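This briefing is meant for a reader who is meeting the structure for the first time. Please keep the sequence and the model in view while working through the points below.

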Amino acid sequence: QASHSSTTGYSDGSLAADLLSLASNDPLPDVAADQRWVPLQRMELAGNFLNESISDPLIPESLRSQHETVRFPLVKSALTDSTFFTAVTHPLRSLVNELLLKSATSHVTGNTETRRMAELLQQVLVQFDLAPDFVRAAMLTAEPIPPEAMEKFFEMQSQQSQQRRDTVVAEAKRLVVRELELSTFGRGVPPQGMKFLNAAWGHVLVKRLMKHGAAHPQWKAGLATMDLLINQIEESDPVQPAPSGW
């Protein structure tokens, strides 16, 4: 049923108007009064899922508005397919989670290829569409999502969010370690100095990278300060008092 078009003349605009009528509690032909709340429930669940996902602080601001393009295909899938909420391996959920991971990772790596992969995933998600008349027909017989399934759904998404954060933190730490190794390679930094750089300044760099991203001046300023620290440590005399600059 994947299609942008409809043979009946019923378009995405028509479907959007019907969903707006449901949300406004206006009469809708063929939809019984006791059935109206079911598509509304599914729309709200799908909307909350996307809202919480793209509001993740790890997602670059520049990509959040782009990810909005997947909202309508996501809602349409949720309206027609209850397994969107019950199946952990649902392809659309998996694609959304993969999109968010790529977007968050590109934030800390500054890798244009990773960002491009996120953009390609987004394009795939937009194409993962359903014919509007198929969605309209499915609304008439859709079953509500049981409370226990809803709870499980949001629990799994919370786990996905934590896994995404853990992955991005690990990548940020790996990048900081690499920068420290490159900056101190072949330099005369004593063990105490290396301990300070890894245990103290390394944590500052990880936090800056997570908060601002690889392209931000704060991250680059942190690396420049690290070079100054290494120069001071390397040039210091362990038996003499530290100079005023240090």
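Is Asp129 buried or exposed? Asp129 is buried, because its relative accessible area is 4%, and the cut-off for counting as buried is under 20%. The model is a predicted one, and the points below take up its overall form, then its salt bridges, and then a few single residues.

**Overall form**

- The chain has eleven helices and zero strands, so that, read along the sequence, the pattern is α-α-α-α-α-α-α-α-α-α-α.
- For the 246 residues of the chain the globule rule gives 18 Å, whereas the radius of gyration is 25 Å, well over that value, and the chain is therefore more spread out than a compact globule.
- Taken along the principal axes, the box filled by the C-alpha atoms of the chain is roughly 90 × 35 × 30 Å.
- Of the 246 residues, 40% count as buried, while the accessible surface of the chain comes to about 13300 Å², with 57% of it belonging to carbon and sulfur atoms.
- When contacts between residues at least 6 apart in sequence are considered, 73% of them join residues at least 24 apart.
- The chain carries 22 positive and 28 negative charges, and the mean positions of these two sets are 6 Å apart.

**Salt bridges**

- Side chains of opposite charge can pair when their charged atoms come close.
- In this chain the count of salt bridges comes to ten, and three of them are described here in turn.
- One of them joins the side chains of Asp12 and Lys76, with a distance of 2.7 Å from N to O; this pair links distant parts of the chain, since Asp12 belongs to helix 1 (residues 12-23) and Lys76 to helix 4 (residues 71-80), 64 residues apart.
- The two partners of that bridge can also be described by their accessibility: Asp12 is partly exposed, with a relative accessible area of 23%, whereas Lys76, at 0% relative accessibility, counts as buried.
- Another salt bridge is formed by the side chains of Asp18 and Arg136, at 2.8 Å from N to O; because Asp18 lies in helix 1 and Arg136 in helix 8 (residues 132-139), the pair ties together parts that are 118 residues apart in sequence.
- Both Asp18 and Arg136 are buried.
- Lys76 also meets Asp129 in a salt bridge between their side chains, at 2.8 Å from N to O; Lys76 lies in helix 4 and Asp129 in the loop between helix 7 (112-127) and helix 8, so this pair ties together parts that are 53 residues apart in sequence.
- Through salt bridges that share partners, Asp12, Lys76 and Asp129 are joined into one network.

**Contacts of three buried residues**

- Lys76 has its place in helix 4, and, leaving aside its neighbours within four places in sequence, Lys76 is in contact with Asp12, Leu15, Asp129, Leu130 and Val135.
- Asp56 is placed in the loop between helix 2 (37-54) and helix 3 (61-67), where it counts as buried at 9% relative accessibility.
- Not counting residues up to four places away in sequence, Asp56 touches Arg64, Ser161 and Arg164.
- Ala214 is found in the loop between helix 10 (191-212) and helix 11 (217-235), and it is buried, with a relative accessible area of 18%.
- Outside the neighbours within four places in sequence, the contacts of Ala214 are His107, Val108, Thr109, Gly110, Leu209, Trp219 and Lys220.
- Ala214 and Ala172 are 42 residues apart along the chain, and their C-alpha atoms are separated by 9.5 Å.

**Two residues with positive phi**

- Asn25 lies in the loop between helix 1 and helix 2, and, although Asn25 is not a glycine, it has a positive phi of about 65 degrees.
- With a relative accessible area of 62%, Asn25 is exposed.
- Asp30 also lies in the loop between helix 1 and helix 2, and its phi is near 75 degrees, a positive value in a residue other than glycine.
- At 66% relative accessibility, Asp30 counts as exposed.

Definitions and conventions:
Residues numbered from 1 in each chain as written. Predicted model: local features only at pLDDT ≥ 70, side-chain atom pairs only at ≥ 80, totals over all residues. Heavy atoms only, no water. Salt bridge = Lys/Arg side-chain N within 4 Å of Asp/Glu carboxyl O. Helix = DSSP H or I, 4+ residues; strand = E, 2+ residues; numbered from the N terminus. Buried < 20%, exposed > 50% of the residue type's maximum accessible area, 1.4 Å probe, protein only. Rg over C-alpha atoms; globule rule 2.2 N^0.38 Å. Contact = heavy atoms within 4.5 Å. Areas by Shrake-Rupley, 256 points an atom, 1.4 Å probe, with all protein chains shown as cover. Lys, Arg positive; Asp, Glu negative; His and termini not counted. Charge placed at Lys NZ, Arg CZ, Asp CG, Glu CD.
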